[in-house]
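Me: Could you take a close look at one part of this protein for me, the helix that lines the ligand, and show me how it sits within the rest of the fold? A connected walk through it would be lovely.

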Amino acid sequence: MRPDDIGGVHIKYLYHCRRQLWLYARGVRPEHLNSAVQLGEAVHDTSYQRSSPVDLGAARLDHLDGGQWVHEVKSSARPTPADEAQAIHYCYRLHQVGVPAHGAILHYPKTRRTKKIVYGGPEADRAQQDIAEALAILTADRPAQRLSRSACRGCSFLDYCWSD
Ligand code: SF4
């Protein structure tokens, strides 16, 4: 796996759970069984029907507006570190292909909140560090330890990690 193969989902899992990143990289895909993921897809579909996703290979973002701001719609109620890292990752990928994204605006339709993230040098450094970290985790021989049971609540990989 190369740095260019790391996409937004890898970055999301890097921040949510390193074990999840490792499982995902090995083709484990239980998302379709999980109602939280289905809700996320429904919120996404009804919130941005008129915009076009931008395909950057491994990364696929919801929308890039004419002012070069990335827009991402989230199903959760408030911003998380994973959301922010993912948005920064998309800006980094856009800069790599010559699109000077100014930053990202995260949309939370459930609570009608938005969060603006300005992209600059520190964010670019963070994106590079995240990619390096994700590569180190998903090329390891063994998965990281489970999170605590309470931290796993709602995770779509619950059956894989807690079947014993
Ligand atoms: S169930 Fe818990 S340990 Fe397993 S991938 Fe999900 S969050 Fe990580």
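Reply: Happy to. The protein has 6 helices and 6 strands, and please keep in mind that this is a predicted model. Read from the N terminus, the elements run α-α-α-β-β-β-β-α-β-β-α-α. Buried residues make up 31% of the 164 residues. Of the contacts between residues at least 6 apart in sequence, 69% join residues at least 24 apart.

Now to the part you asked about. The residues around the ligand are Cys17, Arg19, Gln20, Arg146, Leu147, Cys152, Cys155, Phe157, Leu158 and Cys161. Two elements each give two or more residues to this shell, namely helix H2 (18–25) and helix H6 (158–161). By class, the shell holds 7 nonpolar residues, 1 polar residue and 2 charged ones.

H2 is the helix to zoom in on. It is mostly covered, with 8 of its 8 residues buried: Arg18, Arg19, Gln20, Leu21, Trp22, Leu23, Tyr24 and Ala25. Arg19 and Gln20 therefore appear on both lists, since each counts as buried when 20 or more other C-beta atoms lie within 10 Å of its own, and both are among the residues around the ligand. What do the buried residues of H2 pack against? They pack against helix H1 (8–16), helix H5 (121–138) and H6. H6 thus has two roles in this picture: it is a packing partner of H2, and it also gives residues to the ligand shell. Just after H2 comes Gly27, whose phi is positive, near 90 degrees.

For the wider setting, turn to the sheet. Four strands form an open sheet in the order E3-E4-E5-E6, with mixed pairing. Strand E3 (63–64) and strand E6 (113–118) stand at the edges with a single partner strand each, so one side of each has no neighbour in the sheet. E6 pairs with strand E5 (residues 103–108) in the antiparallel sense over 6 bridges, and within that pairing Ile105 stands opposite Lys116 in E6. Helix H4 (residues 81–96) packs on the sheet, where it touches strand E4 (69–73), E5 and E6. The direction of H4 makes about 140 degrees with that of E5.

To view H2 itself, you could start from Arg19 and Gln20 beside the ligand, then follow the helix's buried residues to H1, H5 and H6.

Technical notes: Residues numbered from 1 in each chain as written. Predicted model: local features only at pLDDT ≥ 70, side-chain atom pairs only at ≥ 80, totals over all residues. Near = placed C-beta within 6 Å. Nonpolar A, V, L, I, M, F, W, Y, C, P; charged D, E, K, R; others polar. Buried ≥ 20, exposed ≤ 12 C-beta atoms within 10 Å, placed from the backbone. Contact = placed C-beta atoms within 7 Å. Pairing = 2+ DSSP bridges. Axes fitted to C-alpha atoms, helices over the stretch in contact; angles between N-to-C directions.
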